[in-house]
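Okay, thanks for squeezing me in. I'll put the structure up and then walk through it piece by piece.

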Amino acid sequence: MQQPQLLHEEKVFKDPVHRYVHVRDKFIWDLINSPEFQRLRRVKQLGTSFFTFHGGEHSRFNHSLGVYELMRRILETFEGRIQLTYEEKLLCLCAALLHDVGHGPFSHSFEKVFKYHHEDWTRAILLGDTQINRILRRFDEEFPKKLAEVINKTYDNKLIVSLISSQLDADRMDYLLRDAYYTGVNYGNFEIERILRVMRPQEDGIVFKFSGMHAVEDYIMSRYQMYWQVYFHPVTRSAEVVLCKIFQRAKWLFANGYPFSQEPVMLLPFLQEKVELADYLALDESAILFYMQLWRKEDDPILKDLCARFLDRNLFKYVEYNPRDFRLLAELKEQFQQAGIDPMYYLEVDTTSDLPYDFYRAGEEEERIPIMLQMPSGELVELSQKSEIVQAISGKRRFDYKLYFPLDKVMALPGDLSRKIRERLGVMEDA
Amino acid sequence: MLSRHAKIIRLIEIVGEVSGRKKLQKMVYIGKHLEMDFDERFEFHMYGPYSEELTLRVDELCNMGLIDEQVESKGAIHMYRYSLNETGRDFLRFHEVDFGLGEQAILRMNEENSRFLELVSTILYFNHLPYEEMKGKIFTFKSKQRYTEEEIRKGQAFIAELRSLVQAGGTKPV
């Protein structure tokens with residue numbers, strides 16, 4: 001059985017959310033110093049949110065360290081309550097630290113256009129020819145595989161999986177607190193210390209002491225607010241739309257033999273759909289921004305316009321859209337086409353939806369694992385049975401639809417044409 | 001533009017009616033493995049591969065009035081049935097979706113029950129593992145379903161059958 005290999009002196013990272021991130025295990029320290037983990041410094045946690053909340057420039061590196069620190073504290077509170085081996089503890093800590101290691105630049109837009117899932121890259125990094133894999137194998141040849149299973153939720157120990165992935169896990173707790181801190185909003189705050197204190201391990205997952213219910217309620221409400229006020233902010237979504245269009249245009253141009261003034265070397269594997277792990281790891285947000293700088297000087301009018309819009313924050317405007325009104329969309333597409341504005345790149349419906357909390361209903365095929373409260377008698381009760389606040393939002397889906405378009409381009413059209421399109425869009429003012 | 005929605009509506013149109021949320025989930029997951037262009041992200045959950053995005057999308061389609069949802073109670077079990085309505089058909093006229101030969105696979109999947117499709121999707125989820133390991137995972141995670149080794153073999157044969165249906169003409173669906 002492996003014994004912990006401790007650093008001579010504990011390392012600490014100053015952290016604005018958790019105050020300090022403590023590292024004593026050499027294994028963890030080595031993982032943090034691996035090039036694949038350091039790459040996360042160059043991938044923003046919130047993608048394009050910085051266009052809306054200028055403080056939201058923090059990276060996936062910050063977040064990953066934060067999740068690790070929360071996990072470390074959770075394991076501390078479990079001491080004496082459950083027996084975990086060193087390997088199990090290490091699995092928890094490594095899963096917390098590395099759960100996002102496969103994220104690429106501007107993940108959501110990039111994944112959508114180039115059709116891959118970052119989870120597959122996380123797995124490839126853990127199991128492939130990487131520094132991280134070599135470090136993990138120092139513990140045990142099977143350790144990388146076990147870790148991939150924990151992150152993939154297919155590991156046999158449900159408690160370990162639920163710590164990193166459930167409706168109240170270390171990942172969500174860190175990103176809500178961290179994103180709220182960096183964006184400067186108040187919504188995401190909740191009493192983390194209290195939640196950690198009332199967390200109790202069980203064979204099938206974690207439960208929370210009934211006395212801590214209000215802290216859990218606060219967390220659920222924070223999550224609800226953060227999604228609608230920060231993550232789904234329409235300006236952020238507009239930047240995402242423009243970004244997607246840039247990638248789509250670059251892909252289309254490449255497929256049609258467009259002679260880029262400078263070959264997009266780092267993007268070639270993606271454009272050619274032959275991406276190796278090394279290609280993936282080489283790409284970060286600075287590379288994407290570099291190509292945008294080049295592309296804003298390209299001859300292709302659409303690519304150059306979209307890149308300039310993104311870099312200069314001249315984003316698309318939006319109006320509320322009724323998704324049942326698909327005839328309107330068809331008409332608008334036609335009008336845009338006639339006006340010489342390609343609707344493929346300049347007209348987009350964006351939908352957002354969220355389910356703040358849900359529980360398993362007997363007899364139904366829902367799959368969310370509920371948050372359980374431990375009553376003083378020891379009985380376990382699902383959260384919404386005791387909390388009226390949570391019950392009010394349980395299982396409630398909310399949807400939002402917006403239609404994005406470049407108002408400046410529409411305004412620049414000859415008077416009658418511009419008026420007709422603006423009439424259809426419902427934007428008669430110069431807003 | 002709303003193309004993700006259109007793909008789900010088209011799937012329902014092809015089969016006429018999908019019985020059960022789980023069945024729809026598994027059909028889309030298996031479809032993705034057959035290179036059909038579904039966009040939903042799946043994770044491993046209680047009933048095997050599951051997509052919360054898909055759950056939300058189906059709710060959304062009901063909310064938009066494009067598909068009809070009927071709930072049928074059989075004792076403690078609630079069964080959801082999904083079918084396309086006139087508005088949904090109208091919607092599809094504005095959104096081109098072509099699964100190509102994938103349509104045959106969709107029809108074939110719909111002939112099976114959700115329990116079997118749950119097994120098939122779980123086999124696909126652990127397809128990267130050697131057979132014995134994959135079998136072990138199924139027996140561990142699906143112990144309540146009490147799948148037999150014979151059923152696992154049948155599931156593998158079914159996957160091969162679906163692949164041959166999709167690959168028959170060699171065209172990739174769009």
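**Around Pro144(A)**

So, Pro144(A) touches Leu126(A), Leu127(A), Asn133(A), Leu136(A) and Arg137(A), if you leave out anything up to four places away in sequence. Before I go further, remember that this is a predicted model. Pro144(A) sits in helix α8 of chain A. Is that proline buried or exposed? Buried: 24 other C-beta atoms lie within 10 Å of Pro144(A), and the cut-off for calling a residue buried is 20 or more. For a sense of scale, take Ile371(A): in sequence, 227 residues separate Ile371(A) from Pro144(A), and the C-alpha to C-alpha distance is 29 Å.

One of those contacts, Leu126(A), brings us to α6(A). The buried residues there are Trp121(A), Thr122(A), Arg123(A), Ala124(A), Ile125(A) and Leu126(A). And what do they pack against? On the list are α2 (35-38), α4 (86-98), α7 (131-139), α8 (143-151) and α15 (277-282), each of them in chain A.

**Two domains in chain A**

Next, the domains. Chain A is assigned domain 1, covering 9-231, and domain 2, covering 233-315. Their C-alpha centres are 29 Å apart. Where they meet, domain 1 of chain A puts in 24 residues and domain 2 of chain A puts in 22. Looking at the domain 1 side, α5 (107-114), α6 (118-127) and α12 (213-231) of chain A each supply at least two residues. Which of them has the largest share? That's α5(A), with 6 residues. By class, this domain 1 side comes out as 10 nonpolar, 9 polar and 5 charged residues.

Over in the range of domain 2 we have helix α17 of chain A, residues 301-312. It has 12 residues and spans 16 Å from first C-alpha to last, close to the 16 Å expected at 1.5 Å a residue. Buried in α17(A) are Leu303(A), Asp305(A), Leu306(A), Cys307(A), Arg309(A) and Phe310(A). A quick reminder when you look at that list: an α-helix has 3.6 residues a turn, so residues three or four places apart point the same way. The cover over those buried residues of α17(A) includes α13 (234-255), α16 (285-295) and α19 (343-346) of chain A.

**Some backbone angles to look at**

Right after α17(A) comes Arg313(A), with a positive phi of about 55°. Most residues other than glycine have a negative phi, and most peptide bonds are trans. Two more positive values, then. Arg19(A), not a glycine, has a positive phi of about 70°, and its place is in strand β2 of chain A, residues 19-25. Arg19(A) is exposed, with 9 other C-beta atoms within 10 Å. Glu273(A) has a positive phi near 60°, and this residue is found in the loop between α14 (268-271) and α15 of chain A. Glu273(A) is exposed as well, with 10 other C-beta atoms within 10 Å.

**The open sheet**

Now a sheet in chain A. Its 4 strands run in the order β3-β4-β7-β8, the sheet is open, and the pairing is mixed. Why do β3 (199-202) and β8 (380-382) of chain A each have one side without a neighbour in the sheet? Because they stand at the edges, each with a single partner strand. Ignoring direction, neighbouring strands of this sheet are turned by 40° against each other on average. At the β8(A) edge, the strand β7 (residues 372-374) of chain A joins β8(A) through 3 bridges, antiparallel. Within that pair, Leu373(A) has Val381(A) as its bridge partner.

**Over to chain B**

Last stop, the contact between the chains: 26 residues from chain B and 21 from chain A. On the chain B side, the elements giving two or more residues are α2 (21-33), β2 (43-45), α3 (52-63), β5 (77-84), α4 (86-93) and α7 (131-141) of chain B. Which gives the most? α3(B) does, with 4 residues. That chain B side splits into 12 nonpolar, 7 polar and 7 charged residues.

And β5(B) has strand partners of its own. Strand β4 of chain B, residues 67-74, pairs with β5(B) in the antiparallel sense over 8 bridges, including one between Ser73(B) and His78(B). Strand β1 of chain B, residues 17-19, pairs with β5(B) over 3 bridges, also antiparallel, and there Glu17(B) stands opposite Ser83(B).

Okay, that's my tour, over to you.

How values were computed: Residues are numbered from 1 along each chain as its sequence is written. Chains are lettered from A and ligands numbered from 1 in the order in which they are written. This is a predicted model: local features need pLDDT of at least 70, side-chain atom pairs count only at pLDDT 80 or more; totals for chains, interfaces and linings use all residues. Two strands pair if DSSP finds at least two bridges between them. Axes are lines fitted to C-alpha atoms, for helices over the stretch in contact, and angles run from 0 to 180 degrees between N-to-C directions. Two residues are in contact if their C-beta atoms, placed from the backbone, lie within 7 Å. Ala, Val, Leu, Ile, Met, Phe, Trp, Tyr, Cys and Pro count as nonpolar, Asp, Glu, Lys and Arg as charged, and the others, Gly among them, as polar. Domain bounds come from an automatic or database domain assignment. The expected span of a helix is 1.5 Å times one less than its number of residues. A residue is buried if 20 or more other C-beta atoms lie within 10 Å of its own, exposed if 12 or fewer, and partly exposed in between; C-beta atoms are placed from the backbone.
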